[in-house]
Every structure is written in structure tokens, then in C-alpha cells.
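Colleague: I have a new model open on my screen and would like to learn how to read it. Could you take me through it feature by feature?

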Amino acid sequence: MCADIRARLERAGITAQLGRGDSRGAAWARGHFGDPAAEADLLALPVAALRLDPDTVTGLQRLGLRRIGDLAASPRAPLARRFGPDLLTRLDQALGHSPEPVTPATEPPRFATRMTLPEPIGLESDVMAGLTRLLEPLCAKLSAHQAGARQLVLTLRRVDQASQQVELRLAAPMRDPARILPLFVRGLAGVDAGFGIDQLRLEATRVEPLAPRAAGHDPGRQPRPAGRPAHKAGHPGRA
């Protein structure tokens, strides 16, 4: 399996260090300090293979403990007193005496909404109405994560499968649908609807933290233009 993974990565132009073992620590040690062509003896690898900080590695080497095997054969209590409990924890994890669960990284949230239309639309007012319905759940999700959008992309798919994008870049993070909606007007003016648009997709491609107080606004104040829309892959004409 390792050979197959390495070959696939090499064909993709990616250099990687691979190692395998009965524990996460052992696999890391062999991947960084072992022979890629063979499964190295874990006890023969240097103490640096235990994922220790440089000061601890230097201290162990000064005591003549240069290999993992040297460390495993030494009395544990003096090592713990001198270097702290983390040293023995790393040793036990590598040797498989202490569990080290592998927790996958949490996938970051995607701030996107999509609408497939039962009938194609071609009027700018219809597109704005659909955009309004997309903005509300998108902004609600942003609010739930205490975030605001700095860049939004509206993708319009036509019945001929061609698509166009309207990109909106904001000067400050926002998540108020009523303030964001008018900022799309200029970009939508250049969209060519062709024989009709049958799908709308809105995504916040760049988000930033936005505290609840910063998200509020004065309902009586006219919104200031916060960004400049950029139309992509379009042709002159109106939706």
C-alpha cells in the first residue's frame, strides 16, 4: 500500500515521506527518520523521532541517550523528574504502550446555498427575487458562526448548461441580506440570460469573524456601497 501511495504521489509531482507502524508515533518516526525502502527498527531510530522538542533531544544526547532503545532501557523515574512527563508519554505512544487516537480535522463550514428553478427565468427582477431567497439562509448560517462575508459569488446556470458568475467583494464583513442585495444590481445588469436561467447558487467564498454587535445596523440609515461587483464570463445584455 505504501509503495502504491508513493508511486501515485510521484506521478503527481508530490514529494512525500511515508512510514508505517503499529502506532501513530511509530509511523511518524519511520516516516521521518527511517529508511523509506524498509521498515526500520524503531528502537534503532534517534530520540528525535519521538517528536520531542529540540532542547529535550539535546539534553538526552548529552546523557548518552541517542537512540529510542537507549531511552526505553533507562529508568523512567529519573527521566520524568529531569525532562517532565511528556518524554515518557511520547515514548509510550511510539511503542504502542499508550493510546494516541487519530482525530480527523473538522471540515470547515461551507457557506453556500443553491436553488433549482422549476421554470427558466430571464428577467433581472426574477433573478433578484431568487437571490433574496438565497441570501436569507446564507446570512443565517453566517450569523450562527458569528461570521460575515467579505466575498460572495453568485453562479447562474443557463438551460444550455453555460454558466456565468457575478462576484461581489465587500470592504467589510457583512451578513445583512437587505444591505447585500442591492450591491448585486450592477453585476446582474451585464448577465446574458440566453434562453433562460434554471439554477442559482450563492456562496460566500471569503468570510471573516463578525461579532453580534458589529453585525447590527441602523434601519433608518441608507446602506453605503460596501463593495464593487465584478462580472465574470458574461456578455453585454440584461438578465
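Modeller: Gladly. Let's begin with charges over rings: a charge sits over a ring if NZ of Lys or CZ of Arg is within 6 Å of the ring centre and within 35 degrees of the ring normal. Keep in mind that this is a predicted model.

Colleague: Which residue lies over the face of Phe 111?

Modeller: That is Lys 141, at 5.7 Å from the centre of the Phe 111 ring.

Colleague: Thanks. How many helices and strands are there in the protein?

Modeller: You will find 10 helices and 5 strands. The protein has 239 residues, and 38% of them count as buried. About 14300 Å² is exposed, with carbon and sulfur atoms supplying 52% of that area.

Colleague: What share of the contacts with a separation of 6 or more comes from residues 24 or more positions apart?

Modeller: Such residues account for 65% of those contacts.

Colleague: Let's turn to aromatic rings. How many aromatic pairs does a search of the whole structure find?

Modeller: The search finds 1 aromatic pair. Its partners are Trp 28 and Phe 33, whose ring centres are 6.3 Å apart; their planes are at 50°, so the pair is tilted. To read that label, remember that planes under 30 degrees apart count as stacked and those over 60 as edge-to-face.

Colleague: And how accessible is Trp 28?

Modeller: Trp 28 is partly exposed, at a relative accessible area of 30%. Phe 33 is partly exposed too, at 36%. The cut-offs behind this are under 20% for buried and over 50% for exposed.

Colleague: Now salt bridges. What is the count?

Modeller: It comes to 13 salt bridges. For each one, look for a side-chain nitrogen of Lys or Arg within 4 Å of a carboxyl oxygen of Asp or Glu. A good one to start with is Arg 8 with Asp 4, where the closest N and O atoms are 2.9 Å apart.

Colleague: Where do Arg 8 and Asp 4 lie?

Modeller: Both are in helix H1 (residues 2-11), 4 residues apart, which is about one turn of the helix. Asp 4 is partly exposed, with 40% relative accessibility.

Colleague: Which residue forms a salt bridge with Asp 92?

Modeller: Arg 76 does, and the closest N and O atoms are 2.8 Å apart. Asp 92 belongs to helix H6 (residues 85-95) and Arg 76 to helix H5 (residues 76-83), so this pair ties together parts that are 16 residues apart in sequence.

Colleague: Is Asp 92 buried or exposed?

Modeller: Asp 92 is buried, at a relative accessible area of 15%. Its partner Arg 76 is partly exposed, at 40%.

Colleague: Leaving aside neighbours within four places in sequence, which residues is Asp 92 in contact with?

Modeller: Asp 92 is in contact with Arg 76, His 97 and Ser 98.

Colleague: What about the salt bridge between Arg 158 and Asp 160: how far apart are the closest N and O atoms?

Modeller: They are 2.8 Å apart. Here Arg 158 is buried, with a relative accessible area of 13%, while Asp 160 is partly exposed, at 40%.

Colleague: Which residues are linked in a network of salt bridges?

Modeller: Look for Arg 24, Arg 51, Arg 90 and Glu 100, which are linked in such a network. Try finding these four residues on your screen as a last exercise.

Key: Residues are numbered from 1 along each chain as its sequence is written. This is a predicted model: local features need pLDDT of at least 70, side-chain atom pairs count only at pLDDT 80 or more; totals for chains, interfaces and linings use all residues. Side-chain values use heavy atoms; hydrogens and water are left out. Rings of Phe, Tyr and Trp (its six-membered ring) pair if their centres lie within 6.5 Å; planes under 30 degrees apart count as stacked, over 60 as edge-to-face and the rest as tilted. Buried means under 20% relative accessible area, exposed over 50%, partly exposed in between (1.4 Å probe, protein chains only). Helices (H or I, at least four residues) and strands (E, at least two) are DSSP runs, numbered from the N terminus. Contact means heavy atoms within 4.5 Å. Accessible areas come from the Shrake-Rupley method with a 1.4 Å probe; for residues, only the protein chains shown count as cover.
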